[in-house]
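Trainee: I've got a model open and don't know where to begin. Could we go through it together?
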Amino acid sequence: PYVRAFQTAEIFCTVLGLPESRIKKTEALKPDAPPRQLFEELAKSKAQEVICFGHGPNVDELVAFAMHAPKAFTELKKAGAACIELHTVSPPDASLLWLMTSKSLRDLD
């Protein structure tokens, strides 16, 4: 729902060779949205792989919710990334595969 997150999604589409029509906007990534809302939407989508673009602290709360943590335990900064593997989508049950800072991601070049 936010301009910068949408622009980042557009960049990812370009880099990955995906059509921008694959980008779906959702209110579930807004800071005031309950984490459960995103996972309910994902369950309806039947997608096998999803990349979400959002803002902190909402993304940290989504990671915590998926892993049954009582509160956020990550603190993603601008352009940071987290990869979770969902074993079930709704209700979510996930494993954290990795976290990367924006610097670490730039160093991948």
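Mentor: Sure! First, a word we'll need: contact means heavy atoms within 4.5 Å. Also keep in mind that this is a predicted model.

Trainee: Okay, so which residues in H2 meet H3?
Mentor: Look at the H3 side first, where you'll find Glu61, Leu62, Phe65 and Ala66. Their partners in H2 are Pro35, Arg36, Leu38 and Phe39.

Trainee: How many nonpolar residues does the contact of H2 with H3 have?
Mentor: Sort the residues by class. There are 2 charged residues and no polar ones. The nonpolar count is 6.

Trainee: Are H2 and H3 roughly parallel or roughly perpendicular?
Mentor: Two packed helices are described by the angle between their axes and the distance between the axes. Here the axes are 9 Å apart and the angle is about 70 degrees. Angles of 65 to 115 degrees get one name, so H2 and H3 are roughly perpendicular.

Trainee: What kind of aromatic pair do Phe12 and Phe53 make?
Mentor: The whole structure has 2 aromatic pairs. In the one with Phe12 and Phe53, the ring centres are 4.9 Å apart and the planes sit at 65 degrees. Over 60 degrees settles the name, so this pair is edge-to-face.

Trainee: How many residues apart in sequence are the parts it ties together?
Mentor: Phe12 lies in helix H1, while Phe53 is in the loop between H2 and H3. So the pair ties together parts whose separation in sequence is 41 residues.

Trainee: Is Phe53 buried or exposed?
Mentor: Phe12 is partly exposed at 37% relative accessible area. Phe53 has 18% relative accessibility, and the cut-off is under 20%, so Phe53 counts as buried.

Technical notes: Residues are numbered from 1 along each chain as its sequence is written. This is a predicted model: local features need pLDDT of at least 70, side-chain atom pairs count only at pLDDT 80 or more; totals for chains, interfaces and linings use all residues. Side-chain values use heavy atoms; hydrogens and water are left out. Rings of Phe, Tyr and Trp (its six-membered ring) pair if their centres lie within 6.5 Å; planes under 30 degrees apart count as stacked, over 60 as edge-to-face and the rest as tilted. Helices (H or I, at least four residues) and strands (E, at least two) are DSSP runs, numbered from the N terminus. Buried means under 20% relative accessible area, exposed over 50%, partly exposed in between (1.4 Å probe, protein chains only). Axes are lines fitted to C-alpha atoms, for helices over the stretch in contact, and angles run from 0 to 180 degrees between N-to-C directions. Angles under 35 degrees count as roughly parallel, over 145 as roughly antiparallel, 65 to 115 as roughly perpendicular and the rest as oblique. Ala, Val, Leu, Ile, Met, Phe, Trp, Tyr, Cys and Pro count as nonpolar, Asp, Glu, Lys and Arg as charged, and the others, Gly among them, as polar.
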